[in-house]
Amino acid sequence: MTRVHGVDNERPLLRTLAINRRARNDDVTTASNAAERIDHVPGLPPDVVLLDLDLP
Amino acid sequence: MSERGQLRVYLGAAPGVGKTYAMLEEGRRRAARGTDVVIAYVDTHARPRTEEKLAGLEVIPRRTVTYRGTQFTEMDLPAVLACAPKVALVDELAHTNVPGVEHAKRWQDIEQLLEAGITVISNVNIQHLESLNDVVQEITGIPQRETVPDSVVRAAEQVELVDMTAEALRRRMAHGNVYQLDKIDAALSNYFRPGNLTALRELALLWLADAVEVNLQRYREQHGIARKWETRERVVVALTGGPEGEALIRRAARIAARVGGGELLAVHVARSDGLAGSSIAELDQQRVLVESLGGSYHSVVGDDIPAAVLEFARASNATQIVIGASRRNPAVAALTGPGTGMTITRQSGPIDVHVISHDYMGKGRVLPRLSRGLTRQRQLAALVTAAILLAALVPICAALRDNISLGSDLLLFLLVVIIVSLVGGFAPAVATAIAASLLLNYYFVPPIHKLTISEPENIFALVVFVVVALLVSRVVDFAARRNSEAARSNAEAETISTLAGSLLRGEQAIPAMLERVRESFGMHDAALLHRESDAPASADDARRGLRGTWSCIASVGDNPCLRPEDADTEVPVGEDMVLVLRGRALAAEDQRVLAAFAAQVAVAYERGRLAETAEAVGELTAADRVRTALLNAVSHDLRTPLASAKAAVSSLRSREVSWSEQDRQELLTNADDALDRLTALVTSLLDLSRLQAGVLAVATQATAVEDVISRALDHTARDAKIDLDIPPELPDVLADPGLLERAIANLVENAVRYSPPDKPVRLAASTHRDTVEIRVIDCGPGIRPTDREAAFAPFQRRDDHTDNGQGVGLGLAIARGFVEAMHGTITLDDTPGGGLIAAIELPTEPPQ
């Protein structure tokens, strides 16, 4: 199981991503801005971070 | 009974300027000095700062009056009289009492208080003054029922104006110092519009300046409230080009100004063979002066100066002509008959003529006429002169034969020849010389009465006489011709300089130049034609001998000719154009001036074309910039929903994973939402491109605002809460329902986006005379006044970070484009207490 963390300000896109990864049995956390991202990553660092480089 | 009390009135231009406050201040000041001050009646309108001022003053309780089952409170007149204070404060001088108390009007109550020796401090608004009632109603559109006779206020010992600028008052209102918050918006956009307030303030100041009659009349006229001027005075000042012109122009300008709105026209007649008395430099200065005084300068060509001036004056519907007193010496004037001024005066008909004296009177040139050219009449006159002089000279010399020698006879006859050459030029002089030599031979050279000559010396003398006579008359004739040519050149130069001046001063519009040439040459009409092709338009035209097809670029006059064949005069302009004039055949010399003018027209035409091209290029550049900005702005905004939709749909189509029903629903919702946003964005872009391409089809019709608003709300804010405040009696507006709907929808969408969730957006409408205003009011962050104009530019967002691509900043640009296409206006303003009001103003359907 891969821990995936997605960060994007476009929520529908983020939800689609989450649904996709979960369907493939990944552990998905999401955030729609940078501050949220830090809050949502407790102890375990994610294996993959999908980050929108064009965050507002 | 004690002495009558004094009345002090605070006069205000509008509610809220601080009359009650000023009145209470004054009361407190007097109370502090130990005067017995009571408050007989004050309505603080629950304004906190006014209420503070009440503290410490004795208030006489109001009495309650019941009228038709409703209870009203009124000033308790008997109680105030019983209290008998030194000073009583009474609010609202114009108040109408409820029936059932002593008087119908409060000013009558006050009158009784004054009678009782009580000094009264009161206040009134300008709109309550009887004499101004109708004016105020015309300005504000709101009838005033409560009025007070002017005499009451005028009789007051002191009237003090409580003054405040319109801007300051509006700011006070916006801060909530005057009305409760819920009424502010309506008040600011109705009665308290800046224009209304300024007009009311002006009225108050005028009234107080004790100049109501005169100044209000002027005010009404300036504002077009009452009738207009029946006639417009037009003052024509005739200029000779002499130094006295400046004084004439200033005098004429004063005459024009005195009649109010008079128009000043200066005219100079350039003589085609003319008087060399005008200085081009002087005329040029005078033209500048005329224009700086708001008049217009005209130059016409004509030989008969009085006729030319009068013709010009009649053509321009002049009511007055200003001319200078004669420059000629009175003795000369007596010899040469009536001058220009006299002739104009005699023939002016209904036009008033002012003859203005000036410093240059009687200093004209004595013999200007000698420099005239040599017309046939002049030659004839010369021959007549020769006949008379010779006929007179022969008997005189014959009688004096014993006393004067042949040499003196020769000189006398030579004098006659020279006079004739001065009058009629060379040819008459030659004829005279021959006649004179024959007469001399016959009558004075021995043998007398025979055409033979006995002494060789006399033959020699006679031959020398003829040669001298011919040489002298040759020189005189030459000088006269030169002089005439110089005068002619001068006139031409004047005309060309006027035309060139008009070109340089930016009158490059070809019709204006054509008008000038028409005027200068005294033609009926003038047109500039462009050759479309060398072939005649139809076989019929070809049969009539037409040389090609022409299109008219510009024309002036009632019935301009549209083909060179119909013209009296035509001058080629450049390669493919021709200037055609109709009215009279033009002399050869005038043709030269006209050719010069044609060159000017060609330049003007070329310049106009270049300007058009430059404008088109400018527009294209602007459009290009907009397009680049559009691409930059929308590339992200278009891609994001597209990516969302694509991701969701691709996921659904994927066969590696089996989706739960819930996941499937969510993915479908995502795709649907993203596509909705894409649709909205593309619609906006299409709207914008239609606007910018200028192909927006606007079909205005009587439109019910309420219907449009409800449709606009249908598909904009599905979950946003919006308060509606639309009066049911709102008249229909002239608008295109579709465009208005899109404009309102855009404004509402913006308002919803920026308004905090707990404060609903308000949508209000109201009528102002012949317009309806629709206001979208939010309580968001607002836009600073300096940034408001920029906010209407496409791709402007109020803040570029909070939003996640939900709008491209097209809303305001589209709303404005649509509203203006429907001849409405859209403005932004502050919401009292923070936020933005976007107001659309549209004309109402005029009553049939």
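Start by selecting A:V7 and A:L51: in this predicted model, A:V7 stands opposite A:L51 in β3 of chain A. Now widen the selection to the strands themselves. Strand β1 of chain A covers residues 3-7 and runs parallel to β3(A), with 4 bridges joining the two.

Next, add β2 of chain A to the view. You now have an open sheet of 3 strands in the order β2-β1-β3, with parallel pairing. Which strands stand at the edges? They are β2 (27-31) and β3 (48-51) of chain A; each has a single partner strand, so one side of each is left without a neighbour in the sheet. If you look along the sheet, neighbouring strands are turned by 15 degrees against each other on average, direction ignored.

Before leaving chain A, show residues 11-23. This is helix α1, which lies across β1, β2 and β3 of chain A. Its direction is at about 170 degrees to β2(A).

Now switch to chain B and display it whole. Chain B has 27 helices and 24 strands. Of its 848 residues, 44% are buried. If you turn on a surface, the accessible area of chain B comes to about 42,700 Å², and carbon and sulfur atoms account for 55% of that. A contact map of chain B is worth a look too: among contacts with a separation of 6 or more, 70% are between residues 24 or more positions apart.

From here, select strands β9 to β13 of chain B. These 5 strands form an open sheet in the order β11-β10-β9-β12-β13, and the pairing is parallel. At the edges stand β11 (296-301) and β13 (352-356) of chain B, each with a single partner strand, so one side of each is left without a neighbour in the sheet. The twist averages 25 degrees from one strand to the next.

Zoom in on β9 (residues 234-239) and β10 (residues 263-270) of chain B. These strands run parallel and are joined by 6 bridges. For a single pair to label, try B:L239, which stands opposite B:H268 in β10(B).

Then bring in two helices. Helix α11 of chain B, residues 245-258, lies across β9, β10, β12 (320-324) and β13 of chain B, and runs at about 175 degrees to β9(B). Helix α13 of chain B, residues 305-315, lies across β9, β10, β11 and β12, at about 150 degrees to β10(B).

Time for side chains. Select B:F413, B:Y442, B:Y443 and B:F444, which form one aromatic cluster. Over all chains there are 3 aromatic pairs. How are the rings of B:Y442 and B:Y443 arranged? Their centres are 5.1 Å apart and their planes meet at 85 degrees, so the pair is edge-to-face. Move on to B:Y443 and B:F444, and you find a tilted pair: 6.3 Å centre to centre, with 55 degrees between the planes.

Colour these residues by accessibility. B:Y442 is partly exposed, with a relative accessible area of 32%, and B:Y443 is partly exposed as well, at 26%. B:F444, at 7% relative accessibility, counts as buried.

For a last stop, centre on the ring of B:Y41. The charged end of B:R62 sits over this ring, 4.2 Å from its centre. Add B:R106 to the selection: B:R106 also lies over the face of B:Y41, at 3.9 Å from the ring centre.

Note on methods:
Residues numbered from 1 in each chain as written. Chains lettered and ligands numbered in written order. Predicted model: local features only at pLDDT ≥ 70, side-chain atom pairs only at ≥ 80, totals over all residues. Heavy atoms only, no water. Buried < 20%, exposed > 50% of the residue type's maximum accessible area, 1.4 Å probe, protein only. Contact = heavy atoms within 4.5 Å. Areas by Shrake-Rupley, 256 points an atom, 1.4 Å probe, with all protein chains shown as cover. Pairing = 2+ DSSP bridges. Axes fitted to C-alpha atoms, helices over the stretch in contact; angles between N-to-C directions. Phe/Tyr/Trp six-rings, centres within 6.5 Å; stacked < 30°, edge-to-face > 60°. Lys NZ or Arg CZ within 6 Å of the ring centre and 35° of its normal.
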